[in-house]
Amino acid sequence: MIEINVELEKKEIRKIKEKKKIKPLRIIISILIFFSIIGVAGWFGYQQYQKYAAYNEAKVQLEIKNKIAQGLTVPDSNTEDPLAQNYKEIYSTLPYSQTKWKVLNSVLYNFEFTYPTNTSALIKNDDGTQIWLARRDGYMFRITISDATPKETAQDFYSQMGNKNSYSATPTKFADQKALFLQLIDTTLSITGNQYIIVYKGRVYILWYETFPTGQFPDDVRRIQDILKSFEFTNT
């Protein structure tokens, strides 16, 4: 009986040793598989984000197009209340010389600019941090406003852009403030445009404007340039 017990004990010890040899290997394999899955998922997610960021302009343009089809929500000319209706002006073919202009003054966000009222429609979200000028089936100008920390710069915001490689970035001045000019270099995008990034009084202002192939929509090109020239910060 003693010999049998000893033999059993030897077998048990052998099994324990075998388990100790196999277990670390299993752990390593499991870890490698786990991180491989995480890596693949992360890579796929990053690629999807890059794709979304690069084509976000086209996505937003499509949303605006759908709003146009349903009837735009725009400020009434007499009150601050929004008025939902279709605007034929966005499809206007009027020449530049017949453009009618109006000033939008944002007291809350300290800026103003002049925009064409008979060749575009002004669209705003409820808090005024998103402003679009609808034109044809999309929009030709956009302002996006968000908060900035005291130390953040225009370059910081550019560095965080998912599609920053689609642009060349050049320090410049815009509306008498330091700015970063982003010129589109990716010619594969369906919607093309350039941007200005300005950090002013604790907020970042991103102004996007549409660009066109040479010779296309020359009247709109002039209107957009006038919009940009008219933009200024108030209470400086």
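These notes cover two open sheets and one helix in a predicted model.

1. The seven-stranded sheet. This sheet is open, has 7 strands and follows the order E5-E6-E7-E11-E10-E9-E8, with antiparallel pairing. Strand E5 (121-124) and strand E8 (167-174) are at the edges; each has a single partner strand, so one side of each is left without a neighbour in the sheet. On average, and with direction ignored, neighbouring strands of this sheet are turned by 20° against each other.

2. The E5 edge. The partner of E5 is strand E6 (residues 130-135), and the two pair in the antiparallel sense over 4 bridges. Within this pairing, Ile123 stands opposite Trp132 in E6.

3. Helix H4 on the seven-stranded sheet. Helix H4 (residues 218-230) lies across E6, strand E7 (138-147), E8 and strand E11 (203-210). The helix runs at about 20° to E7.

4. The three-stranded sheet. Another open sheet is formed by 3 strands in the order E3-E4-E12, and its pairing is antiparallel. Strand E3 (101-106) and strand E12 (232-233) stand at its edges with a single partner strand each, so one side of each is left without a neighbour in the sheet.

5. Pairing of E3 with E4, and the helix. Strand E4 (residues 111-116) pairs with E3 in the antiparallel sense over 6 bridges. Val103 has Thr114 in E4 as its bridge partner. H4 packs on this sheet and touches E3, E4 and E12; the direction of H4 makes about 160° with that of E4.

6. H4 and both sheets. Taken together, H4 lies across strands of the E5-to-E8 sheet, among them E7, and also packs on the E3-E4-E12 sheet.

Notes: Residues numbered from 1 in each chain as written. Predicted model: local features only at pLDDT ≥ 70, side-chain atom pairs only at ≥ 80, totals over all residues. Heavy atoms only, no water. Pairing = 2+ DSSP bridges. Axes fitted to C-alpha atoms, helices over the stretch in contact; angles between N-to-C directions. Contact = heavy atoms within 4.5 Å.
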